[in-house]
Amino acid sequence: LQNAELGKRAPRWIRDNEVTMCMKCKEPFNALTRRRHHCRACGHVVCWKCSDYKAHLEYDGNKLNKVCKDCYHVITGCTDSEEKKKKGILEIESAEVSGNSVICSFLQYMEKSKPWQKAWCVIPKQEALVLYMYGAPQDVKALATIPLLGYTVDDTPRSADLPHSFKLTQSKSVHSFAADNEELKQKWLKVIHLAVKGETPECQNELQMN
């Protein structure tokens, strides 16, 4: 698609089996680490790092869709200095974020039908609408981030083994979490319920004070 048409018309999707590497950063895909993602604007197959952007696409009723870095620039007109901020998002050290967080603790995490794994989860104060996931409290790089705005929270436990679980869903992405006890689960839910509506705990305090 020409730049002018990006987001206005649905692209032709390149098939997963037509590429062996990310069409943006050229990193090879392998069975373990690199999952393939499609840019919803140009249809290219990209790795998770290059698909960590979202833009409103006209052809999809202006809904927010995953797009690659290049399309993000074209559609949003965002500059490189903003891009640098975005790029560093996963590079923030866990200890730094945890020390200045709204909430942080270990939670069990499951995506789709993969096995549960333990993750150090943090919602930083300066980005109270984003959940960072680290392998351990001292890791220097986050494994993933989940922008919480717009997610639906379902706090009914699904499995008897993990009674203190809850899940976040948004269109096709589903993230399941489980806390070690009910008290911790409720603490997380309190913050997450605000974040999905675009509110932060500070806003809430001000509301209560007023």
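**Exercise 1. Classify arginine 15 and glutamate 18 by accessibility, then describe how their side chains meet.**

Solution. Arginine 15 has a relative accessible area of 56%, so this residue is exposed. The cut-offs are under 20% relative accessible area for buried, over 50% for exposed, and partly exposed in between, with a 1.4 Å probe and protein chains only. The model is predicted: local features need pLDDT of at least 70, and side-chain atom pairs count only at pLDDT 80 or more, while totals for chains, interfaces and linings use all residues. Residues are numbered from 1 along each chain as its sequence is written, and side-chain values use heavy atoms, with hydrogens and water left out.

Next, glutamate 18 is partly exposed, at 39% relative accessibility. Its side chain and that of arginine 15 meet in a salt bridge, 3.6 Å from N to O. A salt bridge here requires a side-chain nitrogen of Lys or Arg within 4 Å of a carboxyl oxygen of Asp or Glu. Finally, a network of salt bridges links Arg12, Arg15 and Glu18.

**Exercise 2. Find how many salt bridges there are, and work through two further examples.**

Solution. The count is seven salt bridges. One of them joins the side chains of glutamate 111 and lysine 114, at 3.4 Å from N to O. Lysine 114 is partly exposed at 41% relative accessibility.

Another joins glutamate 183 to lysine 187, with 3.9 Å between the closest N and O atoms. These two residues are four apart in helix 4, so about one helical turn separates them. Glutamate 183 is exposed at 58% relative accessibility, and lysine 187 is partly exposed at 47%. Helices (H or I, at least four residues) and strands (E, at least two) are DSSP runs numbered from the N terminus.

**Exercise 3. Describe the aromatic pair of phenylalanine 106 and tryptophan 120, then the pair of tyrosine 132 and tyrosine 134.**

Solution. There are five aromatic pairs in the structure. Rings of Phe, Tyr and Trp (its six-membered ring) pair if their centres lie within 6.5 Å; planes under 30 degrees apart are stacked, over 60 edge-to-face, and the rest tilted. Phenylalanine 106 and tryptophan 120 are edge-to-face, at 5.0 Å centre to centre and 70 degrees between the planes. Phenylalanine 106 is in strand 5 and tryptophan 120 in strand 6, so their pair ties together parts 14 residues apart in sequence. Phenylalanine 106 is partly exposed at 28% relative accessibility, whereas tryptophan 120 is buried at 13%.

The ring centres of tyrosine 132 and tyrosine 134 are 6.4 Å apart with planes at 10 degrees, so this pair is stacked. Both tyrosines are buried.

**Exercise 4. Identify which elements supply the largest nonpolar core, and place tryptophan 188 in it.**

Solution. A nonpolar core is a set of buried Ala, Val, Leu, Ile, Met, Phe, Trp, Tyr and Cys residues joined through side-chain atoms within 4.5 Å. The largest has 23 residues, and Trp188 is among those with the most contacts inside it. Two or more residues come from each of strand 5 (101–111), strand 6 (117–124), strand 7 (130–134), strand 10 (165–170) and helix 4 (182–195). Helix 4 gives the most, six residues.

Tryptophan 188 touches residues including Ile103, Leu107, Cys121, Ile123, Leu131 and Phe166, leaving aside residues up to four places away in sequence. Contact means heavy atoms within 4.5 Å. A second, separate core of 20 residues includes Val19, Ala41, Tyr53 and Leu57.
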